[in-house]
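Here is a short walk through one protein model. Keep the sequence and the 3D view side by side as you read.

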Amino acid sequence: MDMNWEDDFSIKVSVDDQHTVLISANKDGLISLANQLKALANEGTGSHIHYNEYNSLEEGSSELIIEKID
């Protein structure tokens with residue numbers, strides 16, 4: 001799957017005590033996520049994307065996994 005990132009992307013994911021997930025991103029981050037979700041939509045069932053602070057998210061972010069289902 002093609003994982004293109006815009007040049008100045010910034011994305012942070014946090015989860016609060018009520019298990020609410022907040023994704024905060026600048027314009028380049030939102031464009032990057034949109035392009036990657038579109039690519040994931042064209043993959044097979046069970047395909048997924050892992051995001052964490054070691055590969056794409058800001059330091060201190062919670063891990064985020066997005067999976068395609070039927």
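Start at I11. Setting aside neighbours within four places in sequence, I11 is in contact with W5, I23, S24, A25, G29, L33, L57, E58 and S61. Keep in mind that this is a predicted model.

I11 also belongs to the largest nonpolar core. That core has eight residues: I11, V13, L33, L40, I49, Y51, L57 and L64. Three elements each supply at least two of these core residues: β1 (11–15), α1 (27–41) and β3 (48–51). Two members of the core, L33 and L57, are also among the contacts of I11.

Now step back to the whole fold. The protein has one helix and four strands. Read from the N terminus, the order of elements is β-β-α-β-β. Contacts also link distant parts of the sequence. Of the contacts with a separation of 6 or more, 43% are between residues 24 or more positions apart.

What about overall dimensions? The C-alpha trace spans about 30 × 30 × 20 Å along its principal axes. The radius of gyration is 12 Å, which agrees with the value near 11 Å for a compact globule of 70 residues.

Finish at the surface. Of the 70 residues, 23% count as buried. The accessible surface comes to about 4,900 Å², and carbon and sulfur atoms hold 48% of that surface. As for charge, the protein carries 4 positive and 14 negative side chains. The centres of these two sets lie 9 Å apart.

Note on methods. Residues numbered from 1 in each chain as written. Predicted model: local features only at pLDDT ≥ 70, side-chain atom pairs only at ≥ 80, totals over all residues. Heavy atoms only, no water. Helix = DSSP H or I, 4+ residues; strand = E, 2+ residues; numbered from the N terminus. Rg over C-alpha atoms; globule rule 2.2 N^0.38 Å. Buried < 20%, exposed > 50% of the residue type's maximum accessible area, 1.4 Å probe, protein only. Contact = heavy atoms within 4.5 Å. Areas by Shrake-Rupley, 256 points an atom, 1.4 Å probe, with all protein chains shown as cover. Lys, Arg positive; Asp, Glu negative; His and termini not counted. Charge placed at Lys NZ, Arg CZ, Asp CG, Glu CD. Core = buried A, V, L, I, M, F, W, Y, C linked by side-chain atoms within 4.5 Å.
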